[in-house]
Amino acid sequence: EKVEITKEQRALIKAILDAYNRHQIPQDVTKKLLQEQYSAEENFLLLTEVATSQVQVLVEFTKNIPGFLSLDREDQIALLKGSAVEAMFLRSAQVLSKKMPSGHIEVLEERIRKSGMSEEFMTPMFNFYKSIGELHMTQEEQAILTTITILTPDRPYVKSHEAVERLQETMLEVLRKLCVLQHPQEPQYFARLLGRLTELRTLHHYHAEMLTSWKTNDHKFTPLLCEIWDVQ
Ligand SMILES: CC(C)c1onc(-c2c(Cl)cccc2Cl)c1COc1ccc2cc(-c3cccc(C(=O)O)c3)sc2c1
């Protein structure tokens, strides 16, 4: 059928993309990933620093999602806490799949592999990274898929389920149209993107176990990560 993006939907895409590009981890933080020496301890500390910075970026980005600030305050917190890990898997996946000349990719992959994480999480995590890379998402698709992940109604403690669902459905419809227009040869592309959201839920469960195993080995997190992940 003739797919057309309305004026309102175009404005939505622009607002989300501008926010997504405006809020990025500062260079001095990500540059450290390239400079500091290697050790399980150093890798864990660096990843903790980047993750903390990423959460701050995520909070700022979320405030720019049209309609988000009109949600109940406690629901806003519940959505952020419930989606942070998944949004960070998406972000790190996008970084690892970009053909970045700065050698970020190998370095980041190396630091994640050697950060004291148990082997069993490596396979699903790097399979996810590979599957995101194979999608060759556009910037708009990445920004909107992250928004859809944040606006997931069935996170723990969300009270106004319908209000969140309405916002998410608006973004799902925008993504569906974008996929049809930007990947005309791949009618299943939108379905493949949604399949990644399911994979993110599984990784989210693995991540809870990762946190426990890091904690048992006496790894320290920052106050912001402890708050958002209910750690300690
Ligand atoms: C606390 C820490 C040990 C931790 O615990 N679980 C995870 C995790 C791991 Cl391992 C994998 C997936 C998700 C999580 Cl949450 C992490 C590290 O999480 C992060 C989170 C965001 C980013 C963004 C990056 C990045 C690099 C270069 C450039 C850019 C850029 O945006 O330009 C971003 S790296 C990075 C690492």
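**Exercise 1.** In this predicted model, determine which side-chain atoms approach an oxygen atom and a nitrogen atom of the ligand.

*Solution.* Begin with Arg 91, where an N or O atom of the side chain is 3.0 Å from an oxygen atom of the ligand. Turn next to His 207, which places a polar side-chain atom 2.8 Å from a nitrogen atom of the ligand. Each pair can then be compared with the cut-off for a polar contact, two N or O atoms within 3.5 Å.

**Exercise 2.** Describe the shell around the ligand, and state how much of the ligand the protein buries.

*Solution.* The ligand is surrounded by 23 residues, and the closest include Arg 91, Val 95, Tyr 129, His 207 and Trp 214. Of the 740 Å² that the ligand exposes when taken alone, the protein buries 97%. Sorting the shell by residue class gives 16 nonpolar, 6 polar and 1 charged. Sorting by element, α2, α3, α4, α5 and α9 each give two or more residues, with α3 giving the most, 6 residues.

**Exercise 3.** Locate the ligand among the pockets, and set out the linings of the largest and the second largest pocket.

*Solution.* The ligand sits in the largest pocket, which holds about 720 Å³ of space. Its lining consists of 34 residues, divided into 22 nonpolar, 10 polar and 2 charged, and α3 supplies the largest share with 7 residues.

For the second largest pocket the space is about 500 Å³, and among the 22 lining residues Lys 81, His 204, Ala 208, Trp 229 and Asp 230 are the closest to its centre. This lining divides into 9 nonpolar, 6 polar and 7 charged residues, and α9 gives the most to it, with 8 residues.

How values were computed. Residues numbered from 1 in each chain as written. Predicted model: local features only at pLDDT ≥ 70, side-chain atom pairs only at ≥ 80, totals over all residues. Heavy atoms only, no water. Near = heavy atom within 4 Å. Polar contact = N/O pair within 3.5 Å; in protein donor to acceptor, adjacent residues only side chain to side chain. Areas by Shrake-Rupley, 256 points an atom, 1.4 Å probe, with all protein chains shown as cover. 1 Å grid on protein atoms, 1.4 Å probe; cavity = no way out; pocket = protein on both sides within 12 Å on 5 of 7 lines; lining within 4 Å. Sits in = over half its atoms within 2 Å of the grid points. Helix = DSSP H or I, 4+ residues; strand = E, 2+ residues; numbered from the N terminus. Nonpolar A, V, L, I, M, F, W, Y, C, P; charged D, E, K, R; others polar. Points joined across faces, edges and corners; volume = space filled by probe spheres on them.
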